[in-house]
Structure formats: C-alpha cells, structure tokens
Amino acid sequence: MEHAQEHEACLEQTQRYCVDRPIYNQELLRGQLHRRERTPQTLRQKIAHSCRCSSKKAKSHLYSFLPILKWLPRYPLKAYLLGDIISGISTGVMQLPQGLAYALLAAVPPVFGLYSSFYPVFLYTFFGTSKHISIGTFAVISMMVGGVAVRQVPDEIIYVGYNSTNVTDSLEYYDARDTKRVQVAVTLAFLSGIIQLCLGFLRFGFVAIYLTEPLVRGFTTAAAVHVFTSQLKYLLGIKTNRYSGPLSVVYSIAAVLSKITTTNIAALIVGLTCIVLLLIGKEINLRFKKKLPVPIPMEIIVVIIGTGVSAGMNLSESYRVDVVGNIPQGLRAPAVPEIQLIPAIFVDAIAIAIVGFSMAVSMAKIFALKHGYTIDGNQELIALGICNSVGSFFQSFSITCSMSRSLVQESTGGKTQIAGALSSIMVLLVIVAIGYLFEPLPQTVLAAIVMVNLKGMFKQFGDVMHLWRTSKIELAIWVVAFVASLFLGLDYGLLTAVAFAMITVIYRTQSPQYRILGRIPDTDIYCDVEEYEEIKEYPGIKIFQANASLYFANSESYTSALKKKTGVDPCAILAARRKAQKRHAREIKAANEQRKKATNDMEASAKHEIANDELPVNGKFASVDANVSPDEHEHFVEPKTNIHSLILDFTPVNFVDSVGAKTLKSIIKEYSEVGVCVCIASCSGPVMNELTRLNFFDNTVTRELLFHSIHDAVLACQVKDRAASQ
C-alpha cells in the first residue's frame, strides 16, 4: 500500500506537457514553414573560395600543420617541465631495449631499431596532436615489416659470387642479406608514410572506423602469436629459417620442433631468467603502482645485466650464444629508398599505413578523453606520414604508437610532447656515444623482452567470453580476424577481416528487426507490442517499424515482413477474391441452367440460393467456406483484424535508394487496392529530399501521406475512418 502511494506521489511530481496543435502532415507543414533561401555556389565559386587566402586562414593552416607552434609558446615550465622530464627518461629507458628487440621482429639488425626510436619520435613532437602517446617501434607493425622483408629477401636466397656449400656460414652472405632486407624495410616505411600523408591531406582520417575494435583486437592477438613463435628460435638459441605468408606460424613451429635437439642451454637459461625477472618487475609495478614514484625500468635493468654477464662470461665465444653484434656509432647519412621495390610492396604498405594509424589514433583518443583535450585524426595521419616517410631517408622502418610505452609516459607524469622528445634524445645519446657497449647483449634477452611485452595482447583471448555474452556478430568478427591473420598472414588476414566486417554490416541492414508498435495509454509514445504488457494497439490500425534503411538489399525482406507482421497480404487477398468471384460466377451459371429445366418451385429455390450468396468481405466468404482449402484459408484476413490503415514508422530510416522508393510505392498501391490506407510517419528531411529526387511523389502518392510523427498519423487515420463510416 505504501509503495503504491509513493508511486502515485512520484507520478504527481513528474513534469507534464500538453500541446494543442493541428495534425501535421508534410503538405501542411510545407504550407506553414518558409524555407531559408540558399544561393547554390558554382564549382568555380567553391574553388575560388577554397583558394582564397587571408592572414587568419594562413595562420590557422600553419597552426594545424605544426601544432607545436600553438602549444609550445604557452608551455607552463613550472607546472609541466618536471613531469615531462621524469616521463621522458622513463619512456626513454623503455625505448632503448624495445627498439633493439623489435628490430629482430622487423628482420633487420638491432641498430635500425634505435634509428626508428629516434627520428620518428623527434618528428612527432612537431607535428602530432596527442600529448601522451609514445611513438616508435611496435611489435605488430615490426612483425608486418619483417614478414614483407623475409618474403622479398628469403633466407634461401643465393647471391652471385657465393659458393652454395658455405653460404650459410658466410658472414658476407648475412651482411648482404641484411642490407637487402633493410632496403625493403626502409622503402616500406617510405611508401606507408606517403600513403598516410595522402590520406591526411585528403581528409581521410575516417578510414580508421572500418577497423572496428573487435577486428583490431582479434588481429593484434593473432599478431602476438606470430611474434611469439618468431622469437622461439632466439630464446632457444637455434638456427631456423624465417617464414612469411600463409601458414608461416605452422612452418615456424615445425622448424623449431625439428631442431629442438640443438637447443643452446646457455641461451635458454639466460632467456628464461630474463623472462622471470621481467614478469616479477611488471607485477611489482602493477601492485605498487600508487606507491612507486616511477615504474621500475626492468627492461633496461635486464639489458644491462644481460650485457654485463655476456661480456664477463664471454657467452658468444664460450657457449656460442648469439649476440647483438656490431652497433656502429653515430648517425648514418641520409639515403634515398629503393623506389623500384614499390610495386612489390604496395599492398603491404597500405595495410601497414592503416593499421599503424588505427593503433595510434585509438590510443590517442583514449588519453584525449581522459585528460580533456581533442586530437585531429587527419593531422595524426599527416604526423605519422611525415615520421615514416622522412625517417625512411635515415634508415628507420615503419612505426606507430606503442601501448606499453604510452601508458608509462602518461602514468609517470607526462604532460606534453616534450616527454617524447626527451625520450628520443636519450636514444640519440646511445646511438652516438655508448651504443657499442650493448654489442655483447644476447639476442635471447631481446626475445625475452618481446615475449613478456606480449602479455597484454594475450589477455585479449578473454574477449571471446565477453563477446559471447554481449554480441555474437562482434565475436564472429574477432574470431575471423584472429584465425585469418594467424593462418593467412597479417596482410591477407587483415584484408579478410575487413571484408568480413563489411559483410556483417550488410547482413545487419539486410536482416533488420521488424516490430509492430502500440501506444502507451494516455501518451503519444509508441513501443513494441510484444515487449510490454501495457502497450495497446489501435483498432483497425497497424504501425510497422524496421530498424534499418530501405534499399535494394532489404527491400524484398521489408515487404515480406510487413505482410507477415500485419497479417495482411494484398496479393493473397486479391487472388482469393478473384477465385471466389470465378467460383461464384460458375455457381450462378449452373443455377441459371437448372432454372431453365426445373419447375417453378425449383426456380424459386435456385433464386433463394443465389440471393443468399454474398460477395467477399475482407477476404472472408460466408457461402463458400466449406469449399475453401486450408491453404487458401490461411491467406484470408480474419474478420477480427479489420485493418483500414497501415502506418510505416520511418524513424530509423537514414536513406532510401531507387529500389526502396519503388518498393514503397508498390506497397502503397497494393494495400490501397484492398482498402488499406498506407501512411508514412517520422520521415527525416534528408530522406524526404531523396524521395523527391527519386520522383516518388505524384498524383496518387502525395505528401499528405507523410506525417511529422506516429501520433499525427494515427489521429489522421482515425479521423479518416470516422468520416468514411458516416
């Protein structure tokens, strides 16, 4: 009782509104409203306007192209500098080992990972709009680069001048092979950068929306498996060829297992020790995140310890442990990429450009939302394009945002792009001054760093259970992206996943949900009659809604669902009426023939039978029910339905094409033939304009059939029905 009183009191306190207005259809609205006069611009005027330049416009474009000019003069030294310095140092000590490690993934010597951790990072400071992401080497992109490099320059290649019997042991062979792979990686970076620049200047920043989150997560999980399997040979210290393309994961695992007996025990012990230390360090950083002023830089600690142990115990000579080797001091002179390689790697460059941008912009949006600023997707494309294309002249390979480093940069107090610039300067100091000290570093240590950094990606397997509960279609996208990328390779896998994601969009619009709506009593709110008990339908009126646009792919299913949901099939009703009329005509003819031969009493009886025959009403025949087959009976409209009006709710409709317009016109015509008036409610302005352009309106289909809202349409149908019944 008390609960009921509280509910009534709550209803009394609820704000109410009451509007007294005419029933609006589109014809009436057009008569009362006055369109704003807009003078359409010619193409020449548009070009002239876009080319017109003022000092304000030039300044705006300059600030957009070089964001540093906008934020650097306003940089608050006292508030931001200390946080940026600490963040820059913390990120820098991660850049160094990850740059060395991810170079192995890219199938190039480790020093090129250092170059890729300096030039692009420094350039992003000037052109990037995100204050917190850490640009540089990243496992997925490095793996994609390595796959292309290995495909173009496989391990089996035999150079002219080498003897095939000693080619595998020849130092010159490896130098020549690595030089070729560097050329491929550098040209790939140049081309992907040019593609990103073109997309940015053409304002194509929206392309990242086609890489939906389940797709990206499934793709990166598969990439993590690729990365993990590629590092097994370094962890175990065995010699195997590197594979790329379809089934490369299977071939890599088979190659490792075939040579598992040649495992270098010293390399395995060093690698496993580093993995344990790194996992302990990450766990400490996670558990004591709030208490530690900065995360423990476990990666650089492991690199220093590994280098010291390797140099002290001479692991390279004594135990044949593979080490990083020669790290030349200083920066290389700029060189032009190998342009003739472009046709062979063009498709790969597109995939790397889009995946790299998607990774960067998604991470940038997360931090921008958290810290209350905005990023420009098109400028991010331009920034990444400049980082990749310009960096390629200085021997760097393709880069993007690193998730782990970005989290460290943000959590350690980084406020602006200055933190990224400081981290790049730390890498520069290593390149020009102390790089040679890391030459004894075992490759198994770098493999351990790579493997431990995959921990976050492997956690994405948990998406399967989450998506199973929330969205089966998104789960299908995740699984297809994972399986395709795992077995077809990252390039073909990505294309397959994008194609499948597009198919799911078509599937959703081609097979939408259809509903019959009813009214919440004493309101103008309409909901699904099957969902709520309180919803009531108006007698004689059906309100039909489809949660998709009306176009060629779903127009047929729209018509079928309309007939099924409303219980009115005009074609079946007309066909049944024609059959009944023919049967009735035959009965009359037979009766007339009998009348000529029969007596007066029989003639009177025949007349009585004919008088009792009735024409069909709403598809139901009183005199021939006994002769109607069950199949025919199903197509009859039951008397209790008695539908006189059908309202199509166009609230969810975003567009209508020519096929959809013809379907709509056909629906209106067919239902009018069986006495059902069809109205359209809540049709948006753009859809109205499309219908006008498609010549939808004529003498039979006018704008008076289109209403501003469902309630307007319902009231108009009721008025029309009352007028017809009088």
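# Helix pairs and the words for them

Guide: Let us start with residues 292-313, whose end C-alpha atoms lie 34 Å apart, with 73% of the span in helix and 0% in strand. Helices here are DSSP runs of H or I with at least four residues, strands are E runs of at least two, and both are numbered from the N terminus. You are looking at a predicted model, in which local features need pLDDT of at least 70 and side-chain atom pairs count only at pLDDT 80 or more, while totals for chains, interfaces and linings use all residues. Numbering runs from 1 along each chain as its sequence is written, and side-chain values use heavy atoms, leaving out hydrogens and water.

Visitor: What makes residues 292-313 a "transmembrane region"?

Guide: That label comes from an unreviewed UniProt entry, which also lists 100-127 and 475-507, among others. UniProt positions follow the numbering used here, feature names are shortened, and annotations may be inferred rather than shown by experiment. Over residues 100-127, the model has 75% helix and 0% strand, with 25 Å between the end C-alpha atoms.

Visitor: Why are helices H11 and H23 called roughly parallel?

Guide: The axes of H11 (residues 213-236) and H23 (residues 472-488) come within 7 Å and cross at roughly 30°. Axes are lines fitted to C-alpha atoms, for helices over the stretch in contact, and angles run from 0 to 180 degrees between N-to-C directions. Angles under 35 degrees count as roughly parallel, over 145 as roughly antiparallel, 65 to 115 as roughly perpendicular, and the rest as oblique. The angle therefore makes H11 roughly parallel to H23.

Visitor: What residue classes make up the contact of H11 with H23?

Guide: There are 10 nonpolar, four polar and two charged residues. Nonpolar covers Ala, Val, Leu, Ile, Met, Phe, Trp, Tyr, Cys and Pro; charged covers Asp, Glu, Lys and Arg; the others, Gly among them, are polar.

Visitor: Why does Trp-478 of H23 count as buried?

Guide: Buried means under 20% relative accessible area, exposed over 50%, and partly exposed in between (1.4 Å probe, protein chains only). Trp-478 has 2%, so the residue is buried. Leaving aside neighbours within four places in sequence, its contacts (heavy atoms within 4.5 Å) include Pro-214, Arg-217, Gly-218 and Thr-221. Its C-alpha atom is 8.0 Å from that of Val-216, 262 residues away along the chain.

Visitor: What makes Ser-672 partly exposed?

Guide: Ser-672, in helix H29, has 47% relative accessibility, so the residue falls into the partly exposed class. Its C-alpha atom is 9.5 Å from that of His-644, with their positions 28 residues apart in sequence.

Visitor: How do you know that H29 is roughly parallel to H25?

Guide: The axes of H25 (residues 555-566) and H29 (residues 658-673) cross at roughly 30° and come within 9 Å, so the two helices are roughly parallel. The contact includes Tyr-558 and Leu-562 of H25, and Ile-667 and Tyr-671 of H29. By class, this contact has five nonpolar, four polar and two charged residues.

Visitor: And why is H6 called roughly antiparallel to H18?

Guide: H6 (residues 77-105) and H18 (residues 403-411) pack at about 170°, with axes 9 Å apart. That angle makes H6 roughly antiparallel to H18. Their contact has three nonpolar, seven polar and one charged residue, with Tyr-102 of H6 and Val-408 of H18 among them.
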